[in-house]
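Here's a quick walk through one helix and the sheet it goes with. Have a look at the model first, then read on.

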Amino acid sequence: MNATVRLPGRFSRHALLIATAAVPLTGWAAHALTLHKRLATTRKDLLTGLLQRDAYTARARRLLARHGDKVTVLMVDADHFKTVNDTLGHAAGDAVLTAVGARLTAWAGPHSAVGRLGGDEFAVVLELSAAHREELLQQLVRILHTPVTLDDGRTVDVAASVGAAAPDVLGTRDLTALQRAADTALYDGKHSGRAVLATKETARVPSINGRRAGRPGTAVWGRAA
């Protein structure tokens, strides 16, 4: 008799192995496939379909290890997102976040790491050479500034701030350091309508929990990154 295995919404690889071990061999393949698909879905953000933080981080680090100095790390914030939520409602806010996620995915391509880190904050790691970096980053800004059309036909003017960091500029392949520098660059160019590439001076700006000191959300107790 085949056993029915029920798992909670969130589970670890260890739990997956225990569960699949309990399934008789005759039905193991089908059950294992279902379980692996459920595990894969827990790695995706339910609203945007992007990678959640842990899955994004793992893929981003693999890209850095494989491509090194040819990689660029981006931090992206949707501008005026609270205003959209407050004036047009959360459904409109969700539509904006979904559109930003889709645009980042289309721009970065299938071999990148695109994640939603929380709220209106996104991160991207992709292979992007220095020769084309400036041109493609500004292309991304234009894409992100395209209005979003809602289901009821209304359009929402949207914008996003983009900060970038590159190992060939900063001399490090550490993901945490690159994201911290990209986040500082993002805030330096907030609402400017352009992507800002971090410099070595940018990387020396004090930070709290991996964010630029003074940025909203950093004025709390925490371990300095």
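Let's begin just past a helix end: Gly89, right after α4, takes a positive phi of about 100°. Keep in mind that this is a predicted model.

Now back up into α4 itself, which spans residues 81-88. Which of its residues are buried? They are Phe81, Val84 and Asn85. Looking down the axis of α4, these buried residues fall within an arc of 95°, so they line one face of the helix. Flip to the other side of α4 and you find Lys82, Asp86 and Thr87, which are exposed.

And what sits over the buried residues? The cover includes the elements in this little table:

| Element covering α4's buried residues | Residues |
|---|---|
| β1 | 71-78 |
| α5 | 90-108 |
| β5 | 155-156 |

One of those, β1, takes us to the sheet. The sheet is open, has 5 strands in the order β2-β3-β1-β6-β7, and its pairing is mixed. At the edges are β2 (113-118) and β7 (195-197), each of which pairs on one side only. Neighbouring strands here are turned by 20° against each other on average, ignoring direction.

Zooming in on β1 once more: how does β1 pair with β6 (residues 160-165), parallel or antiparallel? The pairing is antiparallel and runs over 6 bridges. For a landmark in your viewer, pick Ala78, which stands opposite Ala160 in β6.

So β1 shows up twice in this tour: as part of what covers the buried residues of α4, and as a strand sitting between β3 and β6 in the sheet order.

Technical notes. Residues numbered from 1 in each chain as written. Predicted model: local features only at pLDDT ≥ 70, side-chain atom pairs only at ≥ 80, totals over all residues. Heavy atoms only, no water. Buried < 20%, exposed > 50% of the residue type's maximum accessible area, 1.4 Å probe, protein only. Helix = DSSP H or I, 4+ residues; strand = E, 2+ residues; numbered from the N terminus. Arc of directions from axis to C-beta. Contact = heavy atoms within 4.5 Å. Pairing = 2+ DSSP bridges. Axes fitted to C-alpha atoms, helices over the stretch in contact; angles between N-to-C directions.
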